[in-house]
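Trainee: Could we go through this model together, one question at a time? I would like to see how each answer is reached.

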Amino acid sequence: MDPVRNPYAPGAGQRPPELAGRDRELRQFEVVLERVARGRPERSMVVTGLRGVGKTVLLNTFRSMAIQRLWGTGKIEARPEQSIRRPVAAALHTAVRELAPRHRAPDRIEEFLGVLKAFAQAGPQPTTRSKAPAHRWQPGIDVPAVRGRADSGDLEIDLTELFVDAASVAIDLGVGIGLFVDEMQDIPAEDVSALCAACHELSQTGGPLIVVGAGLPHLPAVLSASKSYSERLFRYARIDRLDRDSADLALLAPAEREDVTFTPDALDALYDAADGYPYFVQAYAKVVWDLAPTSPITAHDIAVAAPEAESELAVGFFGSRYERATPAERDYMRAMAVLGDEPVTTASVADELGRKPSSLSPARDGLIKKGLIYSAERGLVAFTVPHFGKFLREQPALSGGASGGRPGVVVGRVGLSTAV
């Protein structure tokens, strides 16, 4: 098989050649866009799911749909302990620049940009340990800052005023503005509260600005903890693994455009190996294509390619995340893996390690901040990465690790390719 013609794309946030199994979410967002454009009340939208199910791909597709309707759009990726003030300013600057050429009143655009500049500069000033003075951040907006609007320094007040003003610019053109937020669960707690308050104000005034977020499964709980009304602010869409028909379509459609196909047994083997997770589907298919001698691709080809695909996943998808954890955090994850693949109680993890639950809080909190585990509900934790428990059970336990601290314990040999 010609690797140059390989259509599969197992990249981070990279759109697959066939976006299968997401028709329901696309239809939902189409309705959101249409209702907002017509001035009808509508909630912003949040997509949640584990790593590798295609949240970022779907978020980018939503943004493309908005751009096709001539909306102004901007995107940010939230980071822990980083205020959203400057990223939001940059994103809305991008959105308004998209609208500016079609706006009949340049002074209205300049007025909003002045407000935007004041908003961007209203946050805490940078500090420096050197003797040189810290420079005020400049957002690259060539208009004077407008004083007295969105510049109080209180993010909740400022963000609300900024969103209202941005929405008024979109109203002039009969379109909307979309702010797209990836890794939304990483927004600091105070900023989440401010974002929810601004969305709440827009929902009451009917302004055509929506916030579309993507994040891990516990994102709804993060939003709810910030504002009690957040569950009514957003339309939540939980995405998961693909069903069999959708997974087959993701494999067959791009292959057949290259005059290649799979035997039914090969499709069976690929679905068992990838377990329907979109990233795994792309990862296995890419390696299989490169190693298969000819079309049709067979179950034997899958069996030959599976070890190499799993090796790549072990290094790039699983191993890179494992390496980010401290030794204590790795012990915590190994204990979770021993207990199974479903969400486990923090008390069970403590029992497995022979420790008190309170002594493990730093490791648990560190893993949550790094996005390696999440709290499914109070007292429960789970991996954010599908099959991560299986990956850990394949590895020899570190000295003094899980299984009650017994050194040199191998906690299992369950491989990802057992089905093939």
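Trainee: Is E329 buried or exposed, and what is its relative accessible area?

Mentor: This is a predicted model, in which local features need pLDDT of at least 70 and side-chain atom pairs count only at pLDDT 80 or more, while totals for chains, interfaces and linings use all residues. Residues are numbered from 1 along each chain as its sequence is written, and side-chain values use heavy atoms, with hydrogens and water left out. Buried means under 20% relative accessible area, exposed over 50% and partly exposed in between, with a 1.4 Å probe and protein chains only. By that rule E329 is buried, and its relative accessible area is 6%.

Trainee: Which side chain meets that of E329 in a salt bridge?

Mentor: A salt bridge is a side-chain nitrogen of Lys or Arg within 4 Å of a carboxyl oxygen of Asp or Glu. The N to O distance of the pair formed by E329 is 2.7 Å, and the partner is partly exposed, with a relative accessible area of 25%. That partner is K370.

Trainee: How many residues apart in sequence are the parts that K370 and E329 tie together?

Mentor: Helices (H or I, at least four residues) and strands (E, at least two) are DSSP runs, numbered from the N terminus. K370 lies in the loop between α14 (361-369) and β7 (373-377), whereas E329 belongs to helix α12 (residues 327-339), so the parts that this pair ties together are 41 residues apart in sequence.

Trainee: What is the order of the strands in the open sheet of three strands?

Mentor: Two strands pair if DSSP finds at least two bridges between them. The pairing in this sheet is antiparallel, and the edge strands, each pairing on one side only, are β6 (344-345) and β7. The order is therefore β6-β8-β7.

Trainee: Which helix packs on that sheet?

Mentor: Contact means heavy atoms within 4.5 Å, and the helix touches β6, β7 and β8. Axes are lines fitted to C-alpha atoms, for helices over the stretch in contact, and angles run from 0 to 180 degrees between N-to-C directions. The helix direction makes about 95 degrees with that of β8, and the helix is α12.

Trainee: Where does D301 find its nearest side chain of opposite charge?

Mentor: In counting charges, Lys and Arg are positive and Asp and Glu negative, while His and the chain ends are not counted. D301, in helix α11 (residues 299-323), is buried yet has no salt bridge. The nearest side chain of opposite charge is 14 Å away and belongs to R5.

Trainee: Which residue does a cis peptide bond join to S295?

Mentor: Most peptide bonds are trans. Here, however, omega is about 0 degrees, and the residue joined to S295 is in the loop between α10 (278-291) and α11. D301 touches that residue, along with A292, P293 and T294, not counting residues up to four places away in sequence. The residue is P296.

Trainee: What is the value of phi for E183, which is not a glycine?

Mentor: Most residues other than glycine have a negative phi. E183 is found in the loop between β3 (177-182) and α6 (189-205), and at 16% relative accessibility E183 counts as buried. Its phi is positive, at about 50 degrees.
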